[in-house]
Amino acid sequence: MKRIKAACITQTLCFSNHDGETTEYAKKAIVQECEKYKAQLVKSGIEYRILSEKTNEDGSIVIEIKKQYNTSPVGDYLN
């Protein structure tokens, strides 16, 4: 019988404004969306580690994240 002993997923997420607006208000909204995403991970109890986070000139934020896959144990993946 096969069992998952440990599992993680690596994602690259881009938080950006859909209409290309680069005003300070739009940039602030992008930051809020990113922070909301991180808070939701914590609230859900999902284990994660941010590998890199970059803010571009247009205000978009690109995050490379390694996180728990479903409810599988993470083993040594997040060390």
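**Helix α1, outer side.** I started on the exposed side of α1 in this predicted model. Glu 24, Tyr 25, Lys 28, Lys 36, Val 42 and Lys 43 are exposed there.

**Helix α1, inner side.** Next I looked up what α1 hides. Ala 26, Ile 30, Cys 34, Lys 38 and Leu 41 come out buried. I then looked down the axis of α1: the buried residues stay within an arc of 125°, so they line one face of the helix. I noted that a lysine, Lys 38, is on the buried list, while Lys 28, Lys 36 and Lys 43 are on the exposed one. For the cover over the buried residues, I found that it includes β1 (8–15), β2 (48–55) and β3.

**Length and end of α1.** I checked the span of α1, residues 24–44. Its 21 residues reach 30 Å from the first C-alpha to the last, close to the 30 Å expected at 1.5 Å a residue. Just after α1 I found Gly 45, with a positive phi near 80°.

**Leu 78.** I moved on to Leu 78, which lies in the segment after β3 (61–68). Buried or exposed, I asked of Leu 78? Its relative accessible area is 16%, and buried means under 20%, so Leu 78 counts as buried.

Then I listed its contacts, leaving out residues up to four places away in sequence: Leu 78 touches Cys 8, Glu 47, Tyr 48, Arg 49 and Lys 66. I also took the spacing to Glu 64. Leu 78 and Glu 64 are 14 residues apart in sequence and 13 Å apart in space, C-alpha to C-alpha.

Notes: Residues numbered from 1 in each chain as written. Predicted model: local features only at pLDDT ≥ 70, side-chain atom pairs only at ≥ 80, totals over all residues. Heavy atoms only, no water. Helix = DSSP H or I, 4+ residues; strand = E, 2+ residues; numbered from the N terminus. Buried < 20%, exposed > 50% of the residue type's maximum accessible area, 1.4 Å probe, protein only. Contact = heavy atoms within 4.5 Å. Expected span 1.5 Å × (residues − 1). Arc of directions from axis to C-beta.
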